[in-house]
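Subject: The model for you to look at

Hi,

Here is the structure I promised to pass on, with the sequence alongside. My notes follow below, so please have it open while you read.

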Amino acid sequence: MTLTDISGAGPGAALGAGQGEGGAEAGRDHWEAAADAWGRWADSMAAMADKINQPLLDAAAVAPGARVLDLAGGAGEPAFSSARRAGAAGLSVCTDLAAGMLRAAANRGDRDGGANAAAPL
């Protein structure tokens with residue numbers, strides 16, 4: 001998986017960082033602090049997550065050639081599951097407020113050969 005800045009604005013910019021009580025900054029800080037643990041456990045939790053992801057992907061009619069945007073994708077699920085379904089002709093983009101989560105997803109993609117998945121920073 002390749003990390004590419006496709007927004008130009010950086011993580012969380014679209015969520016109005018700093019608005020409300022704690023706003024997006026508080027949420028981002030929380031998930032940044034948790035990112036390493038999510039990254040460490042993501043592979044071992046994949047089978048359990050798949051029990052939720054497959055019905056979700058069925059409901060969204062993700063098929064070969066699909067283009068999927070995973071919002072708040074964390075360490076990469078269901079982005080990787082959708083990338084496998086979409087196949088070489090498709091694309092799955094994993095986004096998250098926390099850059100640490102995107103790094104965890106990118107590391108998983110590098111290990112697993114996620115050629116049609118991207119985690120933009």
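Let me start with Gln54, where, apart from neighbours within four places in sequence, the contacts are with Ser81 and Arg85. This is a predicted model, so please read everything here in that light. Gln54 sits in helix α1, which covers residues 23-59. With a relative accessible area of 24%, Gln54 is partly exposed: that value is too high for the buried class, which means under 20%. Pro78 is 24 residues away from Gln54 in sequence, yet their C-alpha atoms are 8.6 Å apart in space.

Pro78 deserves a look of its own. The peptide bond that leads from Glu77 into Pro78 is cis, with omega near 10°. Pro78 belongs to the loop between β1 and α2.

Next comes helix α2, residues 79-86. Six of its eight residues are buried, so the helix is largely enclosed by the rest of the structure. The buried ones are Ala79, Phe80, Ser81, Ser82, Ala83 and Ala86. Ser81, then, is a buried residue of α2 and also one of the contacts of Gln54. Just after the helix, Gly87 takes a positive phi of about 70°.

What makes up the largest nonpolar core? Five residues do: Leu57, Val62, Ala66, Val68 and Ala86. In soluble globular proteins, nonpolar side chains tend to be buried together. Two members of the core are worth following further.

Leu57 touches Val62, Ser81, Ser82 and Arg85, again leaving aside neighbours within four places in sequence. Ser81 and Arg85 therefore turn up for both Leu57 and Gln54, given that contact means heavy atoms within 4.5 Å.

Val68 is in strand β1, residues 67-70. Its relative accessible area is 18%, so Val68 counts as buried. Beyond neighbours within four places in sequence, Val68 is in contact with Val62, Ser82, Leu91, Ser92 and Val93. Ser82 is thus on the contact lists of Leu57 and Val68 alike, because contact is taken as heavy atoms within 4.5 Å.

How does β1 pair with β2? The two strands run parallel, and four bridges join β1 to β2, residues 91-94. Ser92 is the bridge partner of Val68 in β2. Those two residues are 24 apart along the chain, and their C-alpha atoms are separated by 4.6 Å.

Which residues of β1 are on the covered face, and which on the uncovered one? Val68 and Asp70 are on the covered face, while Arg67 and Leu69 are on the uncovered one. In a regular strand the side chains alternate between the two faces of the sheet.

Out on the surface, Trp41, Met45 and Met48 form a nonpolar patch, and together they have about 350 Å² of accessible area. Trp41 is in helix α1, the helix that also holds Gln54. Trp41 is exposed, at a relative accessible area of 53%. As for the spacing in that patch, an α-helix has 3.6 residues a turn, so residues three or four places apart point the same way.

Two alanines caught my eye for their backbone. Ala61 has a phi near 55°, a positive value in a residue other than glycine. Ala61 is in the loop between α1 and β1, and at 59% relative accessibility it is exposed. Ala72 likewise has a positive phi, near 55°, and is not a glycine. Ala72 lies in the loop between β1 and α2, the loop that also contains Pro78. Ala72 counts as exposed, at 63% relative accessibility.

Finally, the overall picture:

- The protein has three helices and three strands, and they follow the pattern α-β-α-β-α-β along the sequence.
- Of its 121 residues, 40% count as buried.
- Among contacts between residues at least 6 apart in sequence, 69% join residues at least 24 apart; the Val68 contact with Ser92 spans 24 residues along the chain.
- The protein exposes about 6800 Å², and carbon and sulfur atoms supply 59% of that area.

If you want a place to begin, I suggest Val68, a member of the largest nonpolar core that is also bridged to Ser92 in β2.

Best wishes

Terms used. Residues numbered from 1 in each chain as written. Predicted model: local features only at pLDDT ≥ 70, side-chain atom pairs only at ≥ 80, totals over all residues. Heavy atoms only, no water. Buried < 20%, exposed > 50% of the residue type's maximum accessible area, 1.4 Å probe, protein only. Patch = residues over 30% accessible without salt bridge, like charges linked within 9 Å, V, L, I, M, F, W, Y side chains within 5 Å. Areas by Shrake-Rupley, 256 points an atom, 1.4 Å probe, with all protein chains shown as cover. Salt bridge = Lys/Arg side-chain N within 4 Å of Asp/Glu carboxyl O. Core = buried A, V, L, I, M, F, W, Y, C linked by side-chain atoms within 4.5 Å. Pairing = 2+ DSSP bridges.
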